[in-house]
Amino acid sequence: MNINSPARDYFYNIWRTVYSILVGMRITLKYCFAKTVTLQYPDVAPALQPRYRGIHFFEIEKCIACDLCAKACPVDCIYIEKTGPRKIDKETNVAAGGLMTRYAIDYAKCMFCALCVDPCPTDCIHMGNLHDMSGYDRESMIVEFTDLAKKGLQTPQPLWMQKDDDRLPDWAKTRKREWIDFVHSQDKLSNDNKRRRQEMVKALDPKA
Ligand code: SF4
Ligand code: SF4
């Protein structure tokens, strides 16, 4: 029999089809009996990995408004406005010069790629570990970090954290408490944090 005959090809194709279905079904069956990895979020906390990239936190007092983060952003969702150039003081590690009038990120566009983080020459924009950013309209997806800095904050508080504790599952109460403690740590009279917060406000208003 000719080994390249149409009949051989016909049966060979049938065998390949059956074989690939069997391979696919074997993988499907394996997962049918594997231990489940589904988490019943929001009743159960999301399992975040150490390298998780969540909502940014921003140290405005170190920002020199160089625009490198905005230029690196592939979706143009970082908005920066300033009154003049800013320069870092090597002794205090705080930027001085012009004022930051706007530093905002549109989370309706952000894809959490972290490409804005690496080019920053003063290491002042970071990916945080908050996983959730919800809102009732598109405008609320734009986080004005300069407005947050006026309140001494480096990252926004998600909507769910603003609910009363009795409406939150246990893990969320703990996460909320950690967030509040961190925020309050800006207010604690640790000299360094107090100075840092003053510098944040000064980046917006030198008379403050
Ligand atoms: S994480 Fe990526 S998409 Fe989001 S602001 Fe940074 S560079 Fe832009
Ligand atoms: S790259 Fe860093 S210093 Fe430059 S504007 Fe962005 S956050 Fe500020």
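Me: What makes up the secondary structure of this predicted model, and how many helices and strands are there?

Reply: The predicted protein has five helices and seven strands. Along the sequence they follow the pattern α-β-α-β-β-β-β-β-β-α-α-α.

Me: How do you know that strand β2 and β5 pair?

Reply: Pairing needs at least two bridges between the strands. Strand β2 (residues 78-82) and β5 are joined by five. They therefore count as paired, and they run antiparallel. Within this pair, Ile-78 stands opposite Ile-105 in β5.

Me: What makes β5 and strand β7 a pair?

Reply: The cut-off is at least two bridges. β5 and strand β7 (residues 142-144) have three, so they pair. The sense is antiparallel. Ala-104 has Glu-144 in β7 as its bridge partner.

Me: Why are the residues of the largest nonpolar core called buried?

Reply: A buried residue has 20 or more other C-beta atoms within 10 Å of its own. Membership of a nonpolar core requires burial, and also links through C-beta atoms within 7 Å. The largest core has 21 residues, so each of them meets both conditions. Those with the most contacts inside it are Phe-58, Ile-60, Cys-63, Tyr-103 and Phe-145. β4 (94-97), β5 (100-106) and α3 (145-150) each supply at least two residues of this core.

Me: Which residues are in contact with Tyr-103, leaving aside its neighbours within four places in sequence?

Reply: They are Phe-58, Ile-60, Cys-63, Ile-80, Phe-145 and Thr-146. Contact means C-beta atoms within 7 Å, so each of these six pairs with Tyr-103 lies within that limit.

Me: What makes the shell around ligand 1 nonpolar?

Reply: Its class count: 13 nonpolar, no polar and no charged residues. Cys and Leu both count as nonpolar. The closest residues are Cys-73, Cys-110, Cys-113, Leu-115 and Cys-116, so these five fit the class.

Me: How does the shell around ligand 2 divide by class?

Reply: It has 12 nonpolar residues, one polar and one charged. The closest to ligand 2 are Cys-63, Cys-66, Leu-68, Cys-69 and Cys-120. Cys and Leu count as nonpolar, so these five belong to that class. Cys-63 is also among the residues with the most contacts inside the largest core.

Me: Which helix has the lowest mean pLDDT, and which the highest?

Reply: Among the elements, helix α5 (residues 191-202) has the lowest, 66, and helix α2 (residues 68-72) the highest, 98. Local features need at least 70, so the mean for α5 falls under that cut-off. For the protein, the mean is 87, and 88% of residues reach 70 or more.

Terms used: Residues are numbered from 1 along each chain as its sequence is written. Chains are lettered from A and ligands numbered from 1 in the order in which they are written. This is a predicted model: local features need pLDDT of at least 70, side-chain atom pairs count only at pLDDT 80 or more; totals for chains, interfaces and linings use all residues. A residue is near a molecule or strand if its C-beta atom, placed from the backbone, lies within 6 Å of it. A residue is buried if 20 or more other C-beta atoms lie within 10 Å of its own, exposed if 12 or fewer, and partly exposed in between; C-beta atoms are placed from the backbone. Helices (H or I, at least four residues) and strands (E, at least two) are DSSP runs, numbered from the N terminus. Two residues are in contact if their C-beta atoms, placed from the backbone, lie within 7 Å. pLDDT is the predictor's confidence in each residue, from 0 to 100.
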